[in-house]
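This briefing sets out selected features of the structure shown below, grouped by topic for reference.

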Amino acid sequence: MSKRSQGVPLSFLMLDPSRGTGPLHRRLYERLREAILSGTLAPRSRLPSTRTLSRELGLSRGTVEEAFAQLDAEGLLERRVGSGSTVALPEHSRAPRSTRVRGGASSARGAGLSRRGRRMASDVLPPEARDVRPFTPCLPALELFPAKAWARAVARQARALVPERMLSGEPEGFRPLREAIAAHLGPARGVRCDWRQVLVFSSTQQALDLTARLLLDEGDGVWLEEPGYLGARVAFDAAGARLHPVPVDAQGLQVDTGRARAPRARLVYVTPSHQYPLGVTMSLPRRLALLEHARASGMWVLEDDYDSEFRYATRPVAAMQGMDAAGRVLYAGTFNKVMFPSLRLAFLVVPDSLVDAFASARASTEGHAPVLTQAAMADFMEAGHYVAHLRQMRQVYAERRDALLDAWRREGHPALRLGEAEAGMHVTAFLSGRRDAQPRMEERRLGARRLSPLYLGRAREQGWVLGFSGASPAGLRGAVRELSRLLE
Ligand SMILES: Cc1ncc(COP(=O)(O)O)c(C=O)c1O
């Protein structure tokens, strides 16, 4: 090994391309990250240049460069032009970064954590919004929430708190809520299920976490949309899965690519109705191909239907779950985006064959969601307020989207191109060829999220995810103007 590594033994980085799966840059990145988190590579230790390392490991320079760039983005390496890369100091790696996925490396180190614990501690999601900013993605129009109708439902259920209701609830969820969800999903989303298949969670994240633990062993392959939702990446990474990024194009997930790269993957995470973050809808041939591959290979399909009730020009596209004859699809949805984020209610519809396993796992993990909140939600749905609220928000978000598009036509910066905006609560803005134009502080003030961290591999596009549902049309117009100014 090179003298410049100053005695750090780097032979453990040798990869055998003929063994193991996943892109080489990802495998190199994982080994380096593990070494940094475990302290094998101490803070301040100097790494050889990418040129030296690529020669010594027999890898292409680009492969090493990608691994280093990812570690740099996560705050685990410090790179300086001319003086190479050093392992970041603990303080540095804990510095807040608006969009990094992993962090907290120093607190994980030496704390007696398990391997799984270290992964969990270092997979830090960007914090959920604590205030309303114009471009915060997935933020509902909180000021228009029907608070009175909700208060009445809560009060009614609080008054109905007879002793039997005060006993512990069922781990699968409060039955009237499960029934209300099943009754809603049929006509609204084309989901075919019995109420017994519906399990109540506090968030999609909780449902993803339990799914990962229940269905995956360490090292099992998972296809992830590339780019895709960080919450899914974190849940499957924490479970020790081997992550395979599968590109998304105008027709959605490239099923053929996934099949070629990881034919025996155990699970695929998809957002077919409205891909996060690109906004495309998965085409019918791709849906059929994915279901067929799942049936033939025994792969599970986790369909995350997080915001698809909001579709503006046409009717909502039916869920893939309704087309699944082989019982391979798990369908996730959340109330935290349609109602309000602090509600903490979401659900998962599982195939018949998994109902008992999920029920036991719920019981042996967190038990169940608060019964009073579940009862109020069921009441709100049964009284018709949920559907009415959805209908009103569809109109409000359509107006907000139009305001954004209109402001964009007049004042949007020419270096930014907007993606699909047919549905949902956000649109993605792609930046053409100006990699240096990522003003971090400002993007935080506007609430926009950077696109590049949503890529597991090298980011093919730079840009931002712009939410439009949480701000008034005037607020959005101002934000478009400010974003354009930032790019000048
Ligand atoms: C694709 C996707 N799934 C799920 C969620 C979140 O749902 P929950 O708050 O219930 O975890 C989001 C929100 O940002 C999302 O973008």
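In β7, which residue is the bridge partner of aspartate 249? The partner is glycine 252. The model discussed here is predicted. The points below treat two open sheets, one of eight strands and one of four strands, followed by the ligand shell and individual backbone features.

**The eight-stranded sheet**

- The eight strands are arranged in the order β4-β11-β10-β9-β8-β5-β6-β7, and the pairing in this open sheet is mixed.
- The edge positions belong to β4 (198–201) and β7 (252–253); each has a single partner strand, so one side of each lacks a neighbour in the sheet.
- Helix α10 (residues 204–215) packs on this sheet and touches β4, β8, β9, β10 (329–334) and β11 (346–349). The direction of α10 makes about 160 degrees with that of β10.
- Four bridges connect β8 (residues 267–270) with β9 (residues 300–304), and the two strands pair in the parallel sense.
- Within this pair, leucine 267 has tryptophan 300 of β9 as its bridge partner.

**Strands β5, β6 and β7**

- Strands β5 and β6 run parallel and are joined by six bridges.
- Valine 222 is matched in β6 by leucine 243, its bridge partner.
- From β5 the chain passes through α11 to reach β6, and this β-α-β crossover is right-handed.
- Strand β6 (residues 242–249) is mostly covered, since six of its eight residues are buried.
- Strands β6 and β7 run antiparallel, with two bridges between them.
- The connection from β6 to β7 is a hairpin through two residues.

**The four-stranded sheet**

- The second open sheet follows the order β12-β13-β15-β14, with antiparallel pairing.
- At its edges stand β12 (416–418) and β14 (449–450); because each has a single partner strand, one side of each is without a neighbour in the sheet.
- Strand β13 (residues 426–431) and strand β15 (residues 462–467) run antiparallel and are joined by six bridges.
- Histidine 426 has glycine 467 as its bridge partner in β15.

**Glycine 419 and its surroundings**

- Glycine 419 lies in the loop between β12 and β13.
- This glycine counts as partly exposed because 19 other C-beta atoms lie within 10 Å, whereas the threshold for a buried residue is 20 or more.
- Leaving aside residues up to four places away in sequence, glycine 419 touches Leu278, Gly279, Val427, Thr428 and Phe430.
- The C-alpha atoms of glycine 419 and phenylalanine 430 are 7.3 Å apart, while the two residues are eleven residues apart in sequence.

**The ligand shell**

- The ligand is surrounded by 13 residues, of which the closest are Ser203, Thr204, Tyr276, Tyr306 and Thr334.
- By class, the shell comprises five nonpolar, seven polar and one charged residue.

**Cis peptide bonds**

- Glutamate 226 and proline 227 are joined by a cis peptide bond, for which omega is about 0 degrees.
- Proline 227 belongs to the loop between β5 (221–226) and α11 (230–238).
- A further cis peptide bond runs from tyrosine 276 to proline 277, with omega near 10 degrees. Tyr276 is also listed among the closest residues to the ligand.
- Proline 277 is located in the loop between β8 and α13 (284–297).

**Positive phi outside glycine**

- Cysteine 138 is not a glycine, yet its phi is positive, at about 60 degrees.
- The loop between α6 (115–122) and α7 (147–159) contains cysteine 138.
- Cysteine 138 is classed as buried because 21 other C-beta atoms lie within 10 Å, against a threshold of 20 or more.
- Arginine 344, likewise not a glycine, has a positive phi of about 65 degrees.
- Arginine 344 sits in the loop between β10 and β11.
- With 17 other C-beta atoms within 10 Å, arginine 344 is partly exposed.

Definitions and conventions
Residues are numbered from 1 along each chain as its sequence is written. This is a predicted model: local features need pLDDT of at least 70, side-chain atom pairs count only at pLDDT 80 or more; totals for chains, interfaces and linings use all residues. Two strands pair if DSSP finds at least two bridges between them. Two residues are in contact if their C-beta atoms, placed from the backbone, lie within 7 Å. Axes are lines fitted to C-alpha atoms, for helices over the stretch in contact, and angles run from 0 to 180 degrees between N-to-C directions. A residue is near a molecule or strand if its C-beta atom, placed from the backbone, lies within 6 Å of it. Ala, Val, Leu, Ile, Met, Phe, Trp, Tyr, Cys and Pro count as nonpolar, Asp, Glu, Lys and Arg as charged, and the others, Gly among them, as polar. A residue is buried if 20 or more other C-beta atoms lie within 10 Å of its own, exposed if 12 or fewer, and partly exposed in between; C-beta atoms are placed from the backbone. A crossover is right-handed if, with the strands pointing away from the viewer, the path from the first strand over the helix to the second runs clockwise.
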